[in-house]
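Subject: A structure to look through

Dear colleague,

I am handing over a structure that I would like you to open beside this email and read slowly. Please keep the sequence at hand as well, since the notes refer to residues by number.

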Amino acid sequence: MQRHADKDLNGYALIANGPLEILEAGKDGFAPGGFNEAELHNANWVGREFANYADLVGSFGKPWADGLAKITDFIEQLRGTVEKPKNRRRRARWSEVDGEVDVDRVLIGDPMFYRDMHRDEVQGPNTITLLCNIGGRQDVTADEMFWRGAAAVAAADLLEAAGYSVEVVAWSRAEHVFPSGKTDVFVAYRLKECGGTLDIDSLACGLSCWFFRTAVFSARVNGWDRALPRAGCVGGSVHKIGGWDKYLDVSEGTRTISMPVVTDRESAIKAAREILSQLGQPVEFAN
């Protein structure tokens, strides 16, 4: 877990290797009477109900049946024609008229002794980092936030099926968390590494409204050194990442794409289509 204080951005950054570190960082908030304990039982607003902190942690070891079924159905409806990605690789071209002389071919009497290097497009792997803003203001419903995660999971699944290696990083930026001025808190965590197995259920959980409004909320407030002033609230989500992107822990050499913020099925379909279109992939999604 990385913790940063940033005077220029007037706030703090909490960077985790995965959702379990976020859960651990916010543990104190779920004690009986804790700052975030009530969210465990607010199913309408959170999107899922938990008996206690242990139940919340255990949710990552158990399938999220309702959410998984809904996302799996969504992905199946999105499947269309997605070609494998292409890399440009240098290959030798031989001719009788132009290029660099290959002595060995001259000695054996081969008339095709001129060599020229050119680039062919060949099928091969590419790496993509999907950045997912999981934050949402209090007037955004759990169902609306569900579709944001669904779009990201679908995009990752379709890209992996097309031969891409996909990394998924979730982030959230909030303002006015601490009472001492307009203090921002930036939280980010990796849900999938490049080359790692794509676990749709884990992705769905880590991008869900219920994880955001329980674990991420509590980490914002409780994941810091005790010398910090007590948080005044969990803050208000901001859609723009701003200068906080410098703290994102993403793999080197990947192409970074930000998932659009969506609130319903139709906009989720459009978002997934846009991501694949950016990469030059033909898309024929069912509506």
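What follows is a short account of what was found, going from the whole chain to a pocket, two helices and a loop.

Please bear in mind throughout that this is a predicted model. The chain contains 9 helices and 10 strands, and 47% of its 287 residues count as buried. If you take the contacts between residues at least 6 apart in sequence, you will find that 72% of them join residues at least 24 apart.

The largest pocket is a good place to begin, and it holds about 230 Å³ of space. Its lining is made up of 20 residues, and those that lie nearest the centre of the pocket are G47, W64, G67, F146 and W210. Three elements each give two or more residues to this lining, namely α4 (65-78), α6 (142-161) and α8 (209-222). When the lining residues are sorted by kind, 12 are nonpolar, 4 are polar and 4 are charged.

Of these helices, α4 deserves a careful look, with its 14 residues reaching 20 Å from the first C-alpha to the last, which is close to the 20 Å expected at 1.5 Å a residue. Which residues of α4 are buried? They are G67, I71, F74, I75 and L78, and because they cover an arc of only 100° around the axis, they sit on the same side of α4. On the other side of α4, by contrast, A65 and D66 are exposed. The buried residues of α4 are covered by elements that include α6, α7 (200-206) and α9 (265-278), and G67, one of those buried residues, is also among the residues nearest the centre of the largest pocket.

The helix α8 also has 14 residues, and it reaches 19 Å from its first C-alpha to its last, again close to the 20 Å expected at 1.5 Å a residue. As for its surroundings, α8 is mostly covered, with 14 of its 14 residues buried.

Finally, please look at N10, which lies in the loop between β1 (2-6) and β2 (11-16). The phi angle of N10 is near 55°, a positive value in a residue other than glycine. Is N10 buried, partly exposed or exposed? Its relative accessibility is 37%, and since partly exposed residues fall between the cut-offs of 20% and 50%, N10 counts as partly exposed.

With kind regards

Conventions. Residues numbered from 1 in each chain as written. Predicted model: local features only at pLDDT ≥ 70, side-chain atom pairs only at ≥ 80, totals over all residues. Heavy atoms only, no water. 1 Å grid on protein atoms, 1.4 Å probe; cavity = no way out; pocket = protein on both sides within 12 Å on 5 of 7 lines; lining within 4 Å. Points joined across faces, edges and corners; volume = space filled by probe spheres on them. Helix = DSSP H or I, 4+ residues; strand = E, 2+ residues; numbered from the N terminus. Nonpolar A, V, L, I, M, F, W, Y, C, P; charged D, E, K, R; others polar. Expected span 1.5 Å × (residues − 1). Buried < 20%, exposed > 50% of the residue type's maximum accessible area, 1.4 Å probe, protein only. Arc of directions from axis to C-beta. Contact = heavy atoms within 4.5 Å.
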